[in-house]
Amino acid sequence: MGKKICPVTLMMTGICIVIGFMIAIQFQTNQDYQYTDTRDMNEIRVSLQRERERSEFLLQEISKHDQLLYEYEMSMNREDRITDIMEQELERLRKIGGFEDIVEEGFVIRITSVEGEKWQDMHSLLIYDEDLRFVVNELNAYGAKAIAINNQRLMSTSAIRNVGDKILVNTVPIQPPYEIKVIGEHSILIPALKLAGIEQYFMVANYEVSFEVEDEIRVPGFRQRVQLHHMEPVKEESE
C-alpha cells in the first residue's frame with residue numbers, strides 16, 4: 001500500500017505551479033514589448049525643428065547673461081553705467097514677459113461665422129473657452145513667440161474662460177469674430193494647426209478658419225496692472 005500524500009502538500013504544489021506560470025507569462029510579455037513611435041514623418045520633423053529652436057534660444061539666453069555679467073563687472077565703479085545696463089535689461093525682460101508691443105513676422109487666424117453676423121449674434125456661444133484654448137495650446141506647442149486674441153495679449157498667467165454667456169480673456173469679454181494674432185514661424189505653425197484639424201474642428205460649429213501671413217504684425221503688450229500676492233521687495237537692513 002503506497003504512502004498517502006498530504007493535502008496541504010498538494011495545495012502548496014498547485015499554488016507554486018500557478019505562480020511559476022504567471023511569472024513565465026510576465027517575463028515573456030516584457031521580452032516581446034517594443035516601443036513603437038506612432039508619429040508620422042511630418043510630426044517628427046516639426047518636433048525636431050522645435051527642439052532645435054529651443055536649444056538655440058537657450059544658448060542665446062546663456063550668451064546674453066554672460067555678456068550682462070561681464071558688463072556689470074566692468075561697470076562696478078560707474079553707477080550711471082550700471083543704471084543704463086539695468087534699464088536695458090528691464091526693457092528686454094518686459095518684452096519677454098509680454099508687457100511690450102512686438103512687431104515681427106507672423107500671421108493672423110480669423111475664426112468667423114459662415115452664416116454672417118446676424119446668425120453669429122444669435123449663436124455666439126457655439127464657440128467656448130475650451131475651443132480657443134485648443135488653438136492656443138497648439139500654437140504654444142509648436143513654438144509661437146507671442147499671441148493675442150482680439151488684441152488681448154496672452155501671458156503665462158492669462159486665463160481664457162466662460163463667465164455667463166461671454167468668453168473672457170485676461171478678464172476682458174471678447175466676442176466673435178475671433179482674430180488671433182501670432183508671431184512665430186508661419187511655415188511651421190500653420191501646417192501644424194491644419195494637421196491638428198483646426199479647420200474641421202470649427203466647421204462643426206459653422207465657423208470657418210482663415211490664415212493671413214504678414215511680413216510685419218503688431219501684437220500688443222499686456223495693458224493691465226499685475227497684482228503680486230506672494231512677493232514683496234526686500235528691505236535693505238540698516239547698519
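**View 1. A three-stranded open sheet, β4-β5-β6.** In this predicted model, three strands line up in the order β4-β5-β6 to make an open sheet, and their pairing is antiparallel. The edges belong to β4 (160-163) and β6 (172-174), each of which pairs on one side only. Going from one strand to the next, the twist averages 45 degrees. As background, strands of a sheet pair through backbone hydrogen bonds, either parallel or antiparallel.

**View 2. Where β5 meets β6.** Zoom in on strand β5, residues 166-169. Three bridges join β5 to β6, again in the antiparallel sense. Which residue of β6 is the bridge partner of Ile 167? Look for Ile 174.

**View 3. Helix α5 across the sheet.** Here's α5, made up of residues 129-141. This helix lies across β4, β5 and β6, and runs at about 175 degrees to β4.

**View 4. The largest nonpolar core.** There are 31 residues in this one. Ile 109, Ile 111, Leu 132, Leu 139 and Ile 180 have the most contacts inside the core. Plenty of elements chip in: β1 (102-113), α5, β2 (146-149), β5, β7 (178-183), α6 (186-195), α7 (198-203) and β8 (207-219) each give two or more residues. Which element gives the most? That's α6, with five residues. Apart from this core lies another, of seven residues, including Ile 102, Ala 146, Ala 148 and Ile 183.

**View 5. Ile 111 and its contacts.** Set aside the neighbours within four places in sequence, and Ile 111 still touches a good list of residues. Ile 127, Leu 132, Pro 177, Tyr 178 and Ile 180 are among them. So are Phe 202, Tyr 207, Glu 208 and Val 209.

**View 6. Gln 49 on helix α2.** You'll find Gln 49 in α2, the helix spanning residues 41-74. Is Gln 49 buried or exposed? Neither, quite: its relative accessible area is 30%, so it counts as partly exposed, a class that sits between under 20% for buried and over 50% for exposed. Gln 49 and Tyr 142 are 93 residues apart along the chain, yet their C-alpha atoms are separated by 9.1 Å.

**View 7. The largest pocket.** The volume here is about 1200 Å³. Of the 32 lining residues, Phe 57, Gly 143, Ala 144, Lys 145 and Ala 146 lie nearest the centre. At least two lining residues come from each of α2, α3 (79-97), β1, α5 and β2. Helix α2 gives the most, with eight residues.

Notes:
Residues are numbered from 1 along each chain as its sequence is written. This is a predicted model: local features need pLDDT of at least 70, side-chain atom pairs count only at pLDDT 80 or more; totals for chains, interfaces and linings use all residues. Side-chain values use heavy atoms; hydrogens and water are left out. Two strands pair if DSSP finds at least two bridges between them. Helices (H or I, at least four residues) and strands (E, at least two) are DSSP runs, numbered from the N terminus. Axes are lines fitted to C-alpha atoms, for helices over the stretch in contact, and angles run from 0 to 180 degrees between N-to-C directions. Contact means heavy atoms within 4.5 Å. A nonpolar core is a set of buried Ala, Val, Leu, Ile, Met, Phe, Trp, Tyr and Cys residues joined through side-chain atoms within 4.5 Å. Buried means under 20% relative accessible area, exposed over 50%, partly exposed in between (1.4 Å probe, protein chains only). On a 1 Å grid over the protein atoms alone, a cavity is a set of points where a 1.4 Å probe fits but cannot get out, and a pocket is an open set with protein on both sides within 12 Å along at least five of seven lines; lining residues have an atom within 4 Å of a point. Grid points are joined across faces, edges and corners, and a volume is the space filled by probe spheres set on the points.
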